[in-house]
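Please study the sequence and the three-dimensional structure shown below. The paragraphs that follow lead from one element to the whole chain, and then to the pair of chains.

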There are 2 protein chains.
Amino acid sequence: MAEIIDGKQWAQQLNVQTKAKVDDLKARGISPKLVVIIVGGDEASQIYVRNKHRKADKIGILSEIKRLPADTSQEALLSVIDGYNRDSSIHAILVQSPLPKQIDEAAITRAISPAKDVDGFHPVNVGKLYTNAKLNFPVSCTPKGIMTLLRAENVELTGANAVVVGRSNIVGRPMAALLLNAGATVTVVHTQTKGMTDYTRQADILVVATGIAHLIKGSDIKPGATVIDVGMDHDANGKLTGDVDFDSAFSVAGKLTPVPGGVGPMTIATLMQQTVELAKWSE
Amino acid sequence: MAEIIDGKQWAQQLNVQTKAKVDDLKARGISPKLVVIIVGGDEASQIYVRNKHRKADKIGILSEIKRLPADTSQEALLSVIDGYNRDSSIHAILVQSPLPKQIDEAAITRAISPAKDVDGFHPVNVGKLYTNAKLNFPVSCTPKGIMTLLRAENVELTGANAVVVGRSNIVGRPMAALLLNAGATVTVVHTQTKGMTDYTRQADILVVATGIAHLIKGSDIKPGATVIDVGMDHDANGKLTGDVDFDSAFSVAGKLTPVPGGVGPMTIATLMQQTVELAKWSE
């Protein structure tokens, strides 16, 4: 029977720490401020953005939502970003995904000042992560939050066999880098992998970020493993569920994150943490 | 019995292609130019630099060696780099490693213009590699050269179990990224890995870059695997040898690079190739 990793509780703890840092910074005359840019945006995006805004507010982080019409041109968006890059009262800039078709998302990522890149997606920040640079720089919030969870749960990282399922730029790849930097032996498996379960069954730490509901079953998991489910999928009834089949995984894993209540709350708490870090580093 | 991968021959082929590209560029009024900066430098570094200079000369690449005294300050070196960054006749800048103690190597890496970063070590170029960016950018020459070898030898990459031994910023990490981008399932093992041979014995492609002479024996290799030896070690008699025990590996591997004559010649040929690419991309 797995121990459930309570992401909500750990996120709350992190938020308390972040709030204390906000108070410190404010006492020194710095008010951490986040801007979230949303271009058009479906209902899910609107909810994400609103949640970020509310959470920031609770923690004492100033936050601004910049809504742009769905037909905004790339040039117009770049010009908005440039304005925020130059505005020293703003410490963190986030452009909500997905963006409309007329906009080159990679070019937008490269346009955000690396010093305000709260998502950690700018190539120069990614490069610092992959070279394990001894510098202050932002890192993609979901994998950074997972590292916080693993450390909070005292999961042994050094020498652990860590398997990351999925190779996205937002989760899989930076997750692999963070685990490697922490001393784990890291394997990245993905859609082109042959015999995926041969790898997952060896993993002491298994991070699953594929967007495929219930891809990983209990029989794919090493008994006692720590299983981190990054999935935000919907089952046949439209209910939120993960990439891991919770019921069968529960009887095999040593520790397991639920969906919802696992990685999700940590991601948003890490976004807040990183906004405050960017403000601090900007001093 | 392994087939020997003839790095010298493949390097020669690459050099012929590079020379043709140099001729093309020259016909259009562009003379690719490489500057190699060496600060102090032991005998080995002097030999490396001289070899690069000679090879460039043969291919028709202009090359300049900038020798600075061993007690050069960081500021002085940064100022030399800045001058080359601004000089539009120069397309590629390489600072020979190792550097004297008073110089912060990481800061030097970040000071070279990413557009002239022929070693591919600048964080922004590393970030582009790790995010598999669809852009032109330089990549660390040794792993890039190994990819050229693997493709020349028609080694199946998609879905292959690739194991990289070593996690340096120069070889192990960028090698892992290139293999992942090519569709391999990639594991990075290193000094903190428990049970290293459990991983190496599963590898269809095994790249060894540890600096430990004869670390990998035939019994650590999957029969028929492609084994790439990045080692440039010295045996008890001072003779150049690799990280792979060639004699025992020879009877197990499917394909195997020798040391010398494997990865080494490809690295320098790739440096030349990349110098010309940087010149072309600068147009």
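**From one helix to two chains**

In this predicted model, helix α10 of chain A covers residues 263-281, a run of 19 residues. From its first C-alpha to its last it reaches 26 Å, which is close to the 27 Å expected at 1.5 Å a residue. An α-helix has 3.6 residues a turn, so residues three or four places apart point the same way. As for its surroundings, α10 of chain A is mostly covered, since 14 of its 19 residues are buried.

The view may now be widened to the whole of chain A. Its secondary structure amounts to 10 helices and 11 strands. The domain assignment divides out two parts of chain A: domain 1 takes in residues 29-117, and domain 2 takes in residues 141-264. The centres of domain 1 and domain 2 of chain A, taken over C-alpha atoms, are separated by 29 Å.

How does the radius of gyration of chain A agree with that of a compact globule? A compact globule of 283 residues would have a radius of gyration near 19 Å, and chain A has 19 Å, so the two agree. Along its principal axes, the C-alpha trace of chain A spans about 50 × 40 × 35 Å. Of the 283 residues of chain A, 56% count as buried. Among the contacts in chain A with a separation of 6 or more, 70% are made by residues 24 or more positions apart. The surface that chain A exposes comes to about 11,900 Å², and carbon and sulfur atoms supply 52% of it.

A single residue of chain B offers a view at a finer scale. B:Lys222 lies in the loop between β7 (205-208) and β8 (226-229) of chain B. Its relative accessible area is 31%; because this value falls between the limits of 20% for buried and 50% for exposed, B:Lys222 is described as partly exposed. Leaving aside neighbours within four places in sequence, B:Lys222 is in contact with B:Thr200, B:Arg201, B:Gln202, B:Ala203, B:Asp204 and B:Val252. By contrast, the C-alpha atoms of B:Lys222 and B:Ile59, which are 163 residues apart along the chain, are separated by 39 Å.

The relation between the two chains remains to be described. Two copies of a chain are related by a rotation about an axis and a shift along it. Here, a turn of 180° and a shift of 0.0 Å along the axis lay chain B on chain A with an RMSD of 0.0 Å. That is the relation of a two-fold axis. The same surface serves both copies, as 100% of the contact residues of chain B recur in chain A.

Definitions and conventions: Residues numbered from 1 in each chain as written. Chains lettered and ligands numbered in written order. Predicted model: local features only at pLDDT ≥ 70, side-chain atom pairs only at ≥ 80, totals over all residues. Heavy atoms only, no water. Least-squares fit on C-alpha atoms with pLDDT ≥ 70 in both. Contact = heavy atoms within 4.5 Å. Domains from an automatic or database assignment. Helix = DSSP H or I, 4+ residues; strand = E, 2+ residues; numbered from the N terminus. Rg over C-alpha atoms; globule rule 2.2 N^0.38 Å. Buried < 20%, exposed > 50% of the residue type's maximum accessible area, 1.4 Å probe, protein only. Areas by Shrake-Rupley, 256 points an atom, 1.4 Å probe, with all protein chains shown as cover. Expected span 1.5 Å × (residues − 1).
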